[in-house]
There are 2 protein chains.
Amino acid sequence: MQTIFYPNKENWHQILSRPVNNQEHLFDLVTPVINSVRINGDKAIKDFTKLFDKIDIDSFLVSQEEINSACLLVDSELKEAINRAMKNIRKFHQSQQHSVKIIETEPGVKCWQKSVPIEKTGLYIPGGSAPLFSTILMLAVPAEIAGCKEIYICTPPGINGQINPVILYTAHLTGVTKIFRVGGAQAIAAMAYGTESIPRVDKIFGPGNSYVTAAKQIVALNGVAIDMPAGPSEVAVLADDSANPAFVAADLLSQAEHGTDSQAILITDSMQLAKLVYEEVNKQLGLLPRNEIAHKAMQNSRIIVMRNIDEMIDLANSYAPEHLILEIKNDEIVAEKIINAGSVFLGHLTPESAGDYASGTNHTLPTYGYAKAYSGVNLDSFSKKITFQKISSRGLLNLGPVIEIMAEAELLTAHKNAVSIRLDELKKRK
Amino acid sequence: MQTIFYPNKENWHQILSRPVNNQEHLFDLVTPVINSVRINGDKAIKDFTKLFDKIDIDSFLVSQEEINSACLLVDSELKEAINRAMKNIRKFHQSQQHSVKIIETEPGVKCWQKSVPIEKTGLYIPGGSAPLFSTILMLAVPAEIAGCKEIYICTPPGINGQINPVILYTAHLTGVTKIFRVGGAQAIAAMAYGTESIPRVDKIFGPGNSYVTAAKQIVALNGVAIDMPAGPSEVAVLADDSANPAFVAADLLSQAEHGTDSQAILITDSMQLAKLVYEEVNKQLGLLPRNEIAHKAMQNSRIIVMRNIDEMIDLANSYAPEHLILEIKNDEIVAEKIINAGSVFLGHLTPESAGDYASGTNHTLPTYGYAKAYSGVNLDSFSKKITFQKISSRGLLNLGPVIEIMAEAELLTAHKNAVSIRLDELKKRK
């Protein structure tokens, strides 16, 4: 973990650089998989599952019996925790609903905007060593609140083709329509184009390895929507001399354990804190079971010492981190000045883990600087906004001439005609 | 214009097919342009402008003098119309603002979501035969309401390198920061990566030809956001025997004049109306100055006769049109059943042109079936939603154990530690 002191603004871009992945190379690798699934459907998925997951799968659909017996296997304390998190996530995402307001922009011209659920959504839930059931909560709960009719999950088959029981329990709890044991780029292609057994969806959500991410970006060029471009996870901590070095170190490391390409950045104006956090990181790192991953991730990570809180805020906004923790005095005032971040955690008692699991906010957030323009997943991610308008005869008599003048100036005669022909009729009726 | 009677559901996909464009070929053509601008900056733009626009440009930035004198050239009746449209667009988009609500998901756990403007936005305004100043209203007005700090326009230089005065007037009126005379894929690359004279932006908006669209899709893979994938414009009209065939024909043709790849679909349950609209289209088509374009577009267009209103609605939802006009009885009841469309126009006196120009709704809308998952441009398009949370000691004592259990089940020990280390400290303090 490198420490950088008082960097000049022209060097910010470089010291805030993120680990690079070779995207084009990934596109080249993933494109044939996608094309093959698009053409050969289930047969291609079966072949790729054998190739990549080393297993022969006959039925991708997880049966109701498998789900039922999985639900019995989950520890009741964990079930309770999941239920509690779900309640909070539901409460927060429900608060994002808005009622329809009819706006009369001119007398007789009524316009309104309505959120309408996306009909078919597909959630990708990664497999691997840990069952990421929390991501199901973060995606299926708002999908259900939004009113999505069909919610599908694809997740890679484990040993013997089985899916971790906690994944099945959480999917069942959140009302997921169907679960398929398919992973990787082949799962993304299946949801994007549909196969004999896996339905085509309108939008694909969820994290994944770099192949899955590349596959999502490719299918997004071809008719299906995706939640957002995803990169490695990252955190920035703003801390001053009021911070507890052990808390800060724990927060940096909780990011670092995600993967070797994760990044954790401490921004501080306290030389003393920088030193203490550095020592704490090394101390806590040794105690972590996943310390090899975290150790590598810490090599991408930095402690940056700035002159004052304003510089610290500027630097954080330039970085546009996925997660931003404010372990500082006046955290609420500083939060008002944050303009680029996925999710912000205020104060010394609000670790990122809270939002990762249970406080109610979503943990699917923009990485890689995308927080400058993208929102994290929220209720709106599962619906689209349709506008409506209705014009009365009075409204058209009023506004019609304005439309005619503008259409004519854009040389769009037929656009003008569509108004003129109606105005003529209205004048005739008089 | 082909007429199709009572198609079976299995044929819907085919009869609702859209004109295809060869995307991969476009990507191959546009990629070198983008790479060249990324590497060579202004010099590359100058070269491409000479090559594609046949003109030598020394200063891409449009000067204040040029803007001032353009404002004097615009007809006052047109200015008044633009001002009136702007007022309506502002009113409707202002109504899309929401106040921040702090949600206490559990005692001591406060979460909120805040819309924060995207700092730097770039608007692409096409050139060509007609000055599409209305698109500036549709993009710059919500950008300004959202609070975007910098709003740039790129638009291709006309003959002598000049920009149409109405474009400059509208840009000036809406408070655009700077205007650059650059068009095509080179303009998109300039806004995505920045050059010596054109600033890098966070999100690019606006329509364009197929090269511009392809360029937007490519840069979207590389760090910049775009409004939405864009295809040729399209309309579906639902009409029954209450409809005026001349109005319906005018609406279909106003779509068709956009370009040869535009598409207009009439869906009706009245054989009589189908016949009358067909005749009216041919009659009105002959009178249009742009009738060559419209004539070609009508070849992509269809009249589809269905059995009843429910089938008509189903078909429209399957098509997911950019624009949907409901020239039917009970239009308000039917509007409630529309689940896939960009913008919906209710009744016999609400032509699409109203929303294209002046009623207040946005005209930048999802095409090509993307309306199933994408919203049209709206106030949210110019901001991102950041979530915030703050947990008190009471909150962490309550929720902490839930987070610990979940993190442990996902094998994320450091995530758990970030909570445990704080709980230990809180217990010590007691």
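Hi everyone, let me start with a hole: the largest cavity here holds about 1000 Å³ of space. Before I go on, please keep in mind that this is a predicted model. A search of the whole structure turns up 5 cavities of 30 Å³ or more, and I'd like to stay with the largest for a moment.

So who lines the largest cavity? There are 39 residues in its lining, and those nearest its centre are Asp227(A), Tyr374(A), Lys203(B), Asp227(B) and Tyr374(B). As for the elements, those that give two or more residues to this lining are helix H9 (210-220), strand E8 (225-226) and strand E14 (383-391) of chain A, along with helix H9 (210-220), strand E8 (225-226) and strand E14 (383-391) of chain B. E14(B) gives the most, with 3 residues. By character, the lining of the largest cavity splits into 18 nonpolar, 12 polar and 9 charged residues.

Now, how do the two chains relate? A turn of 180° and a shift of 0.0 Å along the axis lay chain B on chain A, with an RMSD of 0.0 Å. That is the relation of a two-fold axis. The same surface serves both copies, since 99% of the contact residues of chain B recur in chain A. If you want a landmark for the axis, try His98(B): of the residues of chain B, His98(B) comes closest to the rotation axis, with its C-alpha at 4.3 Å.

On to the sheets, and please follow along on the structure. One open sheet has 9 strands with mixed pairing, and its order is E2(A)-E3(A)-E14(A)-E13(B)-E12(B)-E9(B)-E10(B)-E11(B)-E1(B). Which strands stand at its edges? They are strand E2 (103-106) of chain A and strand E1 (2-5) of chain B; each has a single partner strand, so one side of each is left without a neighbour in the sheet. On average, neighbouring strands of this sheet are turned by 20° against each other, direction ignored.

Let me zoom in on the chain A end. E2(A) pairs with strand E3 (residues 109-117) of chain A in the antiparallel sense, over 3 bridges. There, Glu106(A) stands opposite Val109(A).

At the chain B part of this sheet, look for helix H10 (residues 245-256) of chain B. Helix H10 lies across strand E9 (234-239), strand E10 (263-268) and strand E12 (323-327) of chain B, and runs at about 165° to E9(B).

Chain B also has strand E2 (residues 103-106) and strand E3 (residues 109-117), which run antiparallel and are joined by 3 bridges. In this pair, Glu106(B) has Val109(B) as its bridge partner. E2(B) and E3(B) make a hairpin with 2 residues between them, and Gly108(B) in the turn has a positive phi of about 90°. E3(B) is also joined to E14(B), by 9 bridges, and these two run antiparallel. One spot to find there is Trp112(B), which stands opposite Phe388(B) in E14(B).

There is another open sheet to show you, in chain A. Its 5 strands come in the order E6-E5-E4-E7-E8, and the pairing is parallel. Strand E6 (178-180) and E8 of chain A are the edge strands, each pairing on one side only. Within this sheet, strand E4 (residues 120-124) of chain A and strand E5 (residues 150-154) of chain A run parallel, joined by 5 bridges. Thr121(A) has Ile151(A) as its bridge partner in E5(A).

I'll finish with a single residue, Asn300(A). Where is Asn300(A) found? In the loop between helix H12 (291-299) and strand E11 (302-305) of chain A. Setting aside neighbours within four places in sequence, Asn300(A) is in contact with Pro19(A), Thr260(A), Asp261(A), Ser262(A) and Gln263(A). Take Pro19(A): Asn300(A) and Pro19(A) are 281 residues apart in sequence, and 6.9 Å apart in space from C-alpha to C-alpha.

Thanks for listening, everyone!

How values were computed: Residues are numbered from 1 along each chain as its sequence is written. Chains are lettered from A and ligands numbered from 1 in the order in which they are written. This is a predicted model: local features need pLDDT of at least 70, side-chain atom pairs count only at pLDDT 80 or more; totals for chains, interfaces and linings use all residues. Side-chain values use heavy atoms; hydrogens and water are left out. On a 1 Å grid over the protein atoms alone, a cavity is a set of points where a 1.4 Å probe fits but cannot get out, and a pocket is an open set with protein on both sides within 12 Å along at least five of seven lines; lining residues have an atom within 4 Å of a point. Grid points are joined across faces, edges and corners, and a volume is the space filled by probe spheres set on the points. Helices (H or I, at least four residues) and strands (E, at least two) are DSSP runs, numbered from the N terminus. Ala, Val, Leu, Ile, Met, Phe, Trp, Tyr, Cys and Pro count as nonpolar, Asp, Glu, Lys and Arg as charged, and the others, Gly among them, as polar. Two strands pair if DSSP finds at least two bridges between them. Axes are lines fitted to C-alpha atoms, for helices over the stretch in contact, and angles run from 0 to 180 degrees between N-to-C directions. Contact means heavy atoms within 4.5 Å. Copies are superposed by least squares on the C-alpha atoms of residues with pLDDT of at least 70 in both.
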